[in-house]
Amino acid sequence: MPLLKKTPFPLVEPPEDLEPKDLVYQVRYTKEIFHDYQEYVNRINLYRQRIWTCKISGKANLTYEEALVSERLATEKVQGIPKELVELALHIIQFSMLPLKDLADTISAKLQEHKYVGDELHARRGDIFFPCKILKVVGDSNGKTSYEIRWLERNKKVSETSVVNGDDLIRKKKLCSRDILKSFIRESTYRRDPWVLHERLAAKHGISSDPPEELKDKVSVLDGVIIDKKRKTAGEGDESGKCKKKKVEDGAEVKDVAIDNDKQVELIKYPIEDLLVLPAADDPVFTERPLPSREFNVPMDCVGDLLLVWDYCSSFGKLLHLWPFSLEDFENAISRKDSNIILIVETHSAFLRLLLKEDGDHYFAAQKRNRKSKITLLNWTEYLCDFIERIGTPDLSASTSTIKRGHYGLLDIQVKLGILRELVNEAVETLIFRKKIDEYVGQRQVLGATLRGEVLEEARKKREEKERSKSEDVANGVSNGHCMVDSEGLPCKLVSVNKHSSQNGEAVRKHKSEVSSEEDHTSDKSDNNDSETASKKSGKGQNQDAENETGTSEEASKQMKDERRLPTEKRSKDQRKEQLNREMEKRVIRTESLGKDRYYNRYWWFQRDGRIFIENSDSKEWGFYSSIEELSALMGSLNEKGERERALHKELEKFYGRICAELQKRSKDLDNKVAVDEAVVRRSTRVRAIPRENPANSYMRYVNKWKED
């Protein structure tokens with residue numbers, strides 16, 4: 001049975017209430033039966049993931065069906081080991097402490113030396129070795145074993161018999177490869193360190209299941225199973241049998257550990273496979289995931305090609321010399337039946353110009369047909385037909401006759417987007433595009449290094465500033481403070497006596513309240529200049545206070561300047577980071593999806609459009625979210641205990657602000673369009689707006705401002 005995370009995966013038991021007339025869903029390769037279609041689909045999707053491991057060969061990253069096939073093939077290879085050698089190999093395996101590789105090599109070496117009746121080897125005849133077959137073991141003579149053999153010809157026909165010594169027999173080929181022996185070891189044992197054979201297999205070959213003396217201090221036998229002595233048995237140290245909790249480590253959540261009847265349930269460390277996540281009492285309240293809108297002007301199976309072509313044109317518009325256009329305009333233009341829509345013409349012409357610059361097959365094909373060097377509104381279909389004939393795709397070649405007659409707009413949308421998809425594929429292979437990608441990669445590396453350097457420099461400055469402030473605080477405390485004594489005669493911390501300091505004013509007032517009334521009286525007289533004697537006594541103090549006041553005012557002024565400068569510096573640093581991130585985003589290499597949900601639906605966000613597009617797991621259905629409320633509901637429906645939904649939630653949080661800004665901008669644009677449409681409807685029929693001015697027909701006003709002369 002294939003392994004999931006190195007553990008056997010139990011199959012679903014057949015329903016108990018199954019009736020012969022019931023309609024059910026059955027998994028072909030596991031024979032599991034489901035009443036509910038969604039459960040069936042979930043199980044199929046789980047089996048299709050590359051998370052399974054072949055139990056016998058150890059191959060990982062397989063689907064469940066591939067793991068089954070791998071186990072079947074590995075079993076067939078293991079069964080190819082001669083039966084006479086199986087018992088010898090099992091004796092070597094039992095209670096061995098060697099690693100898997102070393103154990104396989106040890107078994108291989110022992111099997112090479114072992115000889116048995118029926119074994120085919122090579123025996124020495126003179127100075128040459130010839131193939132032979134052992135008929136029987138004759139016996140020992142002078143400590144050496146002799147064998148009666150028959151010489152074999154090339155077609156393995158028996159010619160004559162002889163008796164030879166064991167030293168004259170050699171085996172030129174290995175009986176089994178290391179991989180086969182590894183599979184044999186895995187299939188024969190149920191644990192390692194030490195390796196222990198299955199009890200039934202050991203009993204069949206008369207192999208003892210009791211651990212040897214040298215291992216008795218490490219392992220013991222419990223109910224016929226070998227366990228480690230140092231491993232704590234279930235229930236020890238916890239007689240109550242209640243659940244234990246484990247702290248969160250490295251951001252991974254850990255579920256409770258339940259101990260019941262000497263059985264300890266294995267810890268579940270989140271995140272795990274999404275389909276294995278079960279509802280729990282500590283789960284938050286998940287919102288209901290909104291249904292995505294599926295209002296497209298193109299067929300559902302064409303949405304993927306539509307997004308692919310538009311994203312490429314938007315990302316590499318400068319390379320194509322093609323002014324950007326919105327996804328709605330492109331969608332409306334591609335679904336129209338007009339043949340010379342400027343947006344469509346300029347898009348095809350931009351790709352064809354790029355291919356002709358390459359001086360490749362398309363360039364020489366155009367030269368042979370004496371095409372004009374400039375692609376225009378009148379001859380762009382000629383170049384397009386040459387391209388279609390050049391790539392030789394049968395589904396697209398049938399459309400050339402329609403294009404040549406000037407009826408490009410009458411083509412099916414699938415054909416139009418198929419042609420553009422092939423143009424994108426050809427453009428990606430050009431040397432011009434590859435150089436641009438290499439340039440972008442280099443620039444992104446430089447920008448990334450600059451950004452990392454600034455972050456490290458900022459962190460270093462913060463550490464230095466923190467250390468400097470600590471040292472200054474200590475120095476100021478020693479120079480401006482004095483030791484206070486509490487009611488028990490114990491020293492208190494140092495406090496500043498600068499009465500003009502706003503930070504230490506409270507401490508000074510507290511200190512004044514604790515000194516004697518006589519000193520308070522003297523201080524009052526010195527402040528009010530009521531007594532000449534008190535004035536003389538406090539003269540030095542007043543001079544010192546004046547100096548402190550002057551110094552304090554200068555420090556306060558400096559501090560205010562620093563406080564005004566710090567927000568400005570912080571804003572400039574944040575703006576610098578945003579600028580570097582924007583520059584990196586401008587150098588797009590390819591658009592990555594935000595992630596997948598529990599059922600492998602993929603989520604895409606194109607910052608030039610704002611909407612979040614949802615691609616079904618089989619890529620046959622598409623939808624989109626176009627409001628902030630839908631985005632919030634989507635995030636609230638994701639269970640972060642699952643691996644995929646946790647990663648998706650993290651990406652949505654990362655881009656949440658920008659996605660909301662784009663959605664809000666898009667919502668305002670739609671409101672403006674609706675307002676304009678309503679204004680057009682309210683007008684009199686005599687002053688009705690020209691169709692080209694209608695926002696829905698904005699694609700008809702497209703102008704390529706980056707067009708090459």
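**Surroundings of Thr430 and pairing of strands β19 to β21**

In this predicted model, Thr430 is in contact with Leu354, Leu355 and Glu358, when residues up to four places away in sequence are left out of the count. Thr430 itself is located in a loop, with α15 (413-428) on one side and α16 (431-480) on the other. The relative accessible area of Thr430 is 4%; because this value falls under 20%, Thr430 is classed as buried. A polar atom of the Thr430 side chain is placed 3.4 Å from the backbone nitrogen of Phe433.

A separate part of the chain contains the strands β19, β20 and β21. Strand β19 covers residues 595-596 and strand β20 covers residues 602-605; the two run antiparallel and are joined by two bridges. Within this pairing, Arg602 of β20 is found opposite Lys596. The two strands make up a hairpin in which five residues lie between β19 and β20. Tyr600, in the turn of this hairpin, has a positive phi of about 70°.

Strand β20 is also paired with β21, which comprises residues 612-615. This arrangement is again antiparallel, and four bridges connect β20 to β21. Tyr603 has Ile614 in β21 as its bridge partner. The hairpin of β20 and β21 has six residues between the strands, and Gly610 in this hairpin adopts a positive phi near 100°. Strand β20 is thus bridged to β19 and to β21.

Terms used. Residues numbered from 1 in each chain as written. Predicted model: local features only at pLDDT ≥ 70, side-chain atom pairs only at ≥ 80, totals over all residues. Heavy atoms only, no water. Pairing = 2+ DSSP bridges. Buried < 20%, exposed > 50% of the residue type's maximum accessible area, 1.4 Å probe, protein only. Polar contact = N/O pair within 3.5 Å; in protein donor to acceptor, adjacent residues only side chain to side chain. Contact = heavy atoms within 4.5 Å.
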